[in-house]
Amino acid sequence: MTISIKTPVAIIGGGLSGLYTAYLLQQHGIESTVFEARDRLGGRILSMPPSKTEQGVALEVERYDLGPSWFWPDMQPRMDKLVKDLKLTSFPQHQTGAHLFDQGRGTAPQRHEIGRASSPLSMRLSGGMQVLIEALTLQLPVDTIKLNHQATKIECKASGSVTLGMNGFMTTVKAQHVVLALPPRLFSNTIQFTPSLPESLFNHCQNTMTWMAAHAKFVAVYNKPFWRHQGLSGSVSSQTGPLVEVHDASSLHGKPALFGFVGINAAARKAAGSKALTQVILNQLSDLFGEQAAKPVNTFLTDWSEEAFTSTEQDQATSNSHPTYGLPASADDLWNGHLLFAGTESARIAGGYLEGALEAAELATKKLTSNHT
C-alpha cells in the first residue's frame with residue numbers, strides 16, 4: 001500500500017537548518033512538512049543521553065554534546081538571536097586554569113597558565129545543544145514532522161509540482177516546493193533527481209566535504225571535576241592522541257565531564273572498535289589528568305563517519321583547513337524555483353557552523369516567500 005502526502009513545502013532533513021526553515025515559513029503563514037530519515041531530529045546535533053519527556057515536554061537532564069558544542073555570540077548574530085528568542089539558557093565555556101600541551105614520547109605534558117579567556121567568547125547551551133532542536137520543534141504543529149522518512153527520488157512535473165518518493169517509494173509526497181536541508185554530497189549520492197541536477201552543480205556537490213562527517217567525538221562523565229582541583233582548565237592539545245584536542249564539557253547543573261576530538265582516522269577507528277578505542281582514550285586521559293580520569297561514571301562515543309545519514313564513502317578523510325562552502329550559480333532558480341537548498345554547507349558566509357545552518361535556512365525562506373504560490 002502506497003501512502004500519499006500533500007504539502008505546500010517539503011523540507012528534506014530534520015536538522016537545525018530544516019527545522020529553522022519550517023519555523024521561519026510558519027511565521028510567514030506558509031505550511032510545510034519536515035521529512036527526516038532518522039528516528040530522531042537534530043541531524044549532526046546530538047546530545048547524550050537522550051532527553052526524558054513529561055507530557056510531551058522535554059525535561060532538562062545532564063546531557064553532553066557529541067556534535068556541535070559551541071556558538072560565538074559576537075560572531076554569530078543569528079544564533080545569538082535565536083537562543084534569546086527561544087529563551088534558552090546559555091553559559092560560557094569553562095576556561096579557568098592551565099592548558100596542557102602533550103608532545104608524547106614519554107615526556108610529561110607541558111602546563112601553560114592562561115591569563116585570560118579566549119576571544120570571542122565560546123558559549124554552550126544548558127541541557128546540551130539538543131535543547132535548540134527541541135525548542136524549535138515545540139514551535140511547530142505536531143503533524144509537521146515525519147520521522148523515518150528517507151527521500152530517495154524527487155521529480156519535477158511539467159505542471160511545476162514536485163513528487164517525492166520516500167522509503168523505497170512506499171510513500172509519495174506531492175509539493176509545490178522542496179527544500180533540501182542536507183549535506184550536498186549526501187543528497188547527490190542518495191537521491192535520484194528528475195530532471196537531473198546540472199552537471200556543474202552535481203560535480204560541486206560531490207566535491208563538497210560534509211562538515212564533521214569524518215570526525216568522532218568522545219565524552220567522559222565524572223562525579224567530580226578533579227582537573228579543576230588541580231588548577232587545570234580541562235583543555236589539552238596533544239600531538240599523540242588518540243584525542244588530539246580536549247575540553248571541559250561539564251553540564252551547567254549536572255555532572256562534570258571532559259570531551260575530545262578523536263585524531264585517529266575513520267578506517268583505524270572502525271578497525272579498532274568502540275570498546276578498544278574507549279579504553280585507549282581513558283588511558284590517555286589518565287596520563288594527562290591522573291588515575292581518576294580512568295574511572296568515569298559514563299562515556300559516550302559518536303563516530304560520524306559511520307552515520308549513514310551524514311557521511312558518504314567520500315567523507316572518510318579529514319581536511320586540514322575549513323572548507324569553502326556555498327553553492328554555485330547553477331543552484332539558483334533550479335526547476336523554476338521549485339527546488340531550493342538549505343543546510344550549513346549551502347551557506348556562503350558561515351558554512352559548516354550552526355550559524356551557517358541558520359543562514360542557509362533564511363536564504364531558502366526568502367526565496368520561498370517571494371516565489372510561493
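**Exercise 1. Determine whether Ser305 is buried or exposed, and describe its surroundings.**

Step 1. The relative accessible area of Ser305 is 11%. Buried means under 20% relative accessible area, exposed over 50%, and partly exposed in between, with a 1.4 Å probe and protein chains only. Ser305 is therefore buried.

Step 2. The structure is a predicted model: local features need pLDDT of at least 70, side-chain atom pairs count only at pLDDT 80 or more, and totals for chains, interfaces and linings use all residues. Residues are numbered from 1 along each chain as its sequence is written, and side-chain values use heavy atoms, with hydrogens and water left out.

Step 3. Ser305 lies in the loop between E20 and strand E21 (339-341). Helices (H or I, at least four residues) and strands (E, at least two) are DSSP runs, numbered from the N terminus.

Step 4. The side chains of Ser305 and Asp303 are joined by a polar contact of 2.6 Å. Such a contact is a pair of N or O atoms within 3.5 Å; within protein, one must be able to donate a hydrogen and the other to accept it, and residues adjacent in sequence count only if both atoms are side-chain atoms.

Step 5. Leaving out residues up to four places away in sequence, Ser305 touches Ala213, Ala214, His215, Ala266, Arg269, Ser311 and Gln316. Contact means heavy atoms within 4.5 Å.

**Exercise 2. Give the strand order of the open sheet that contains E20.**

Step 1. The order of the seven strands is E9-E8-E17-E18-E19-E16-E20, with mixed pairing. Two strands pair if DSSP finds at least two bridges between them.

Step 2. Strand E9 (110-112) and strand E20 (298-303) are the edge strands, each pairing on one side only.

Step 3. E20 pairs with strand E16 (residues 216-221) in the antiparallel sense, over six bridges. Within this pairing, Lys217 has Thr302 in E20 as its bridge partner.

**Exercise 3. State how many disulfides are present, and examine Cys156 and Cys205.**

Step 1. A disulfide is a pair of cysteine sulfur atoms within 2.5 Å. The count is zero.

Step 2. For Cys156, the nearest cysteine sulfur is that of Cys205, 17 Å away. Cys156 counts as buried, at 18% relative accessibility. Cys205 is also buried, at 0%.

**Exercise 4. Identify the residues that touch the most other members of the largest nonpolar core.**

Step 1. A nonpolar core is a set of buried Ala, Val, Leu, Ile, Met, Phe, Trp, Tyr and Cys residues joined through side-chain atoms within 4.5 Å.

Step 2. The largest core has 41 residues, and Leu16, Met79 and Leu132 touch the most other members.
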